[in-house]
Amino acid sequence: MGTTANKEVQSMTEGNPAKLIFLFAIPLMLGNLFQQVYTITDTIIVSRGVGVDALAALGSADWYNYMMLGIVQGVTQGFAILMAQFFGAKEYGNLRKACAHSVRLCVIIGILLTILAQLSVGPVLTILNVDMEIRVMAELYIRIIFAGIPAQMLYNFCASELRALGNSRDPLIAIVIASLLNIVLDLLFVLVLPFGIAGAAVATILSQAVSGIYCLLVVRKVEYLRFTREDGRGEPQMDGKLLKLAWPVMLMNIIISVGGMIVNSVVNQLGVAFLAGYTATNKLYGALEMAAIAYGYAMLTYIGQNLGAGKYDRIRRGFRDAVLIGMATSVLIGGIMIVFRNQIVGLFIASQGEEAKEAFGYAVEYLVIMSATLSILYILYIVRSTLQGLGNTRMPMISGLAEFAMRTFMALVVARRLGGLAIMWGEVAAWLGADLVLVGALLHEFRRLGNKNIDQ
């Protein structure tokens, strides 16, 4: 094995679990931070450069956009679980075969998803009750974003491959490059060239394409992932293994998104001011969960590799350490958001004009609610990723049903009495509902691993 391959990967089956998980997560956090800087900058540029209506248009179909991205991420994360297990077990031949079959499946799914997304834009915006004042802007933005689905698939697949083999550094570099490029293109296409909301969308897909190409170039250097035509010959059994892991993750994201779209349809009827405030805080959602996402990816790789290596005691120890780290991080981030809530929201919404002031108040209230309960979300990410790393993607899918049930109940029933407040607390209720499902499932998995230790 060459030195080039060695420096592109890292085994997580030896060494201190807490240190491995935290160090693996740091580049992912930094990547998420850069991504959030871009998201926040993009929102500020659109809001200040085009207006509050444009900000509302960005948020009117947020969950629909998340659904398509969730399908892409579900597919690529599911495939990466099997790759991490093969890498941990040192089954490098099967690893190359899994990679080759994953590439073919990603191409097929990416093409079909792009076509489906474009055909469904009009009907979905109607179902979401998007206000006619912002309908044209919303449709233009979402169509351009969906044209970039192949770029999303390229980045997410290549980054998932690298993370499965312990490389979180290069996905960070890709995100940094993409985020900086995105900001430059936003300034150019929105403020310098008057392309408006369409300029923001074009900037996004161009940046995603660049990040995907960067990760692809890194993947091509990794000897473990250099598959041949023979590796890619159709093996239904390998396709079946990959899809068995991927489809529940994909379905979980779809279920969660459908619940979110139901919430979106209710929010779109609560007025432009509430929608703008809700959108502003949702753009901060990424900053709140950025470390949770990083810990989730770290656990997916750590658990998958150690399961493949048969090191069950390290799985439990790693989970315990991850929970402690996650809880501490959530308290820190949540506290910062609460203390500086007015200044942070003020970046998005200038408190001038009656509608803007109203939107500002909604945004601050929603931010405080989510920040104060952030630990619930961090537990969700860690437990869910631990189960997925163990190869159990079914129970995380069921947890998506719990999230769906809680969000829709709060939006369709409780919101009749409490209005927008129910929408805000509905997000927290969804996290809690998923946690209740996942924790019980994980305890069952740990008991099963304990029996395996006894058998050995």
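Is Tyr92 buried, partly exposed or exposed? Tyr92 is partly exposed, with a relative accessible area of 24%. That value is over the 20% below which a residue counts as buried, and this is why Tyr92 falls in the partly exposed class. Keep in mind as you read on that this is a predicted model.

## Overall build

Let's start with the whole chain. The protein chain holds 17 helices and zero strands. Its C-alpha trace spans about 70 × 40 × 35 Å along the principal axes. For 456 residues, a compact globule would have a radius of gyration near 23 Å, and the 21 Å of the protein chain agrees with that. As for burial, 60% of the 456 residues count as buried.

## Aromatic pairs

Across the whole structure, a search turns up ten aromatic pairs. One of them joins Phe87 and Tyr92, whose rings sit 6.2 Å apart, centre to centre, with 50 degrees between the planes, a tilted arrangement. Phe87 is buried, at a relative accessible area of 7%, whereas its partner Tyr92 is partly exposed, at 24%.

Tyr278 and Tyr366 make another pair: their ring centres are 5.4 Å apart and their planes meet at 5 degrees, so this pair is stacked. The pair bridges distant parts of the chain, with Tyr278 in helix α11 (residues 272-308) and Tyr366 in helix α14 (residues 354-372), 88 residues apart. Both Tyr278 and Tyr366 are buried. They also belong to one aromatic cluster, together with Phe274 and Tyr362.

## Arginines over rings

Two arginine–tyrosine contacts are worth a look in your viewer. Arg163 lies over the face of Tyr297, at 3.8 Å from the ring centre. Arg384 lies over the face of Tyr381, and here the distance to the ring centre is 5.1 Å.

## The two largest pockets

The largest pocket has a volume of about 360 Å³. It is lined by 19 residues, and the closest to its centre are Val103, Leu154, Phe157, Cys158 and Leu216. Three helices give two or more residues to this lining: α5 (92-127), α7 (149-164) and α9 (196-219). By class, the lining of the largest pocket is made up of 15 nonpolar, one polar and three charged residues.

The second largest pocket encloses about 270 Å³ of space. Among its 13 lining residues, Lys244, Leu245, Gly391, Asn392 and Thr393 lie nearest the centre. Both α10 (236-267) and α16 (394-418) supply at least two residues of the lining, and α10 gives the most, with five. Sorted by class, the lining of the second largest pocket has six nonpolar, four polar and three charged residues.

## Enclosed space

Which cavities does the model hold? A search of the whole structure finds four cavities of 30 Å³ or more. The second largest cavity has about 80 Å³ of space. Its lining consists of Gln77, Ala80, Ile81, Ala84, Ser160, Arg163, Ala164, Tyr297, Leu300 and Thr301. Here you meet Arg163 and Tyr297 again, the residues of the contact in which Arg163 lies over the ring face.

Helices α4 (62-88), α7 and α11 each supply at least two residues of this lining. The largest share, four residues, comes from α4. By class, the lining of the second largest cavity has six nonpolar, three polar and one charged residues.

Definitions and conventions:
Residues numbered from 1 in each chain as written. Predicted model: local features only at pLDDT ≥ 70, side-chain atom pairs only at ≥ 80, totals over all residues. Heavy atoms only, no water. 1 Å grid on protein atoms, 1.4 Å probe; cavity = no way out; pocket = protein on both sides within 12 Å on 5 of 7 lines; lining within 4 Å. Points joined across faces, edges and corners; volume = space filled by probe spheres on them. Nonpolar A, V, L, I, M, F, W, Y, C, P; charged D, E, K, R; others polar. Phe/Tyr/Trp six-rings, centres within 6.5 Å; stacked < 30°, edge-to-face > 60°. Buried < 20%, exposed > 50% of the residue type's maximum accessible area, 1.4 Å probe, protein only. Lys NZ or Arg CZ within 6 Å of the ring centre and 35° of its normal. Rg over C-alpha atoms; globule rule 2.2 N^0.38 Å.
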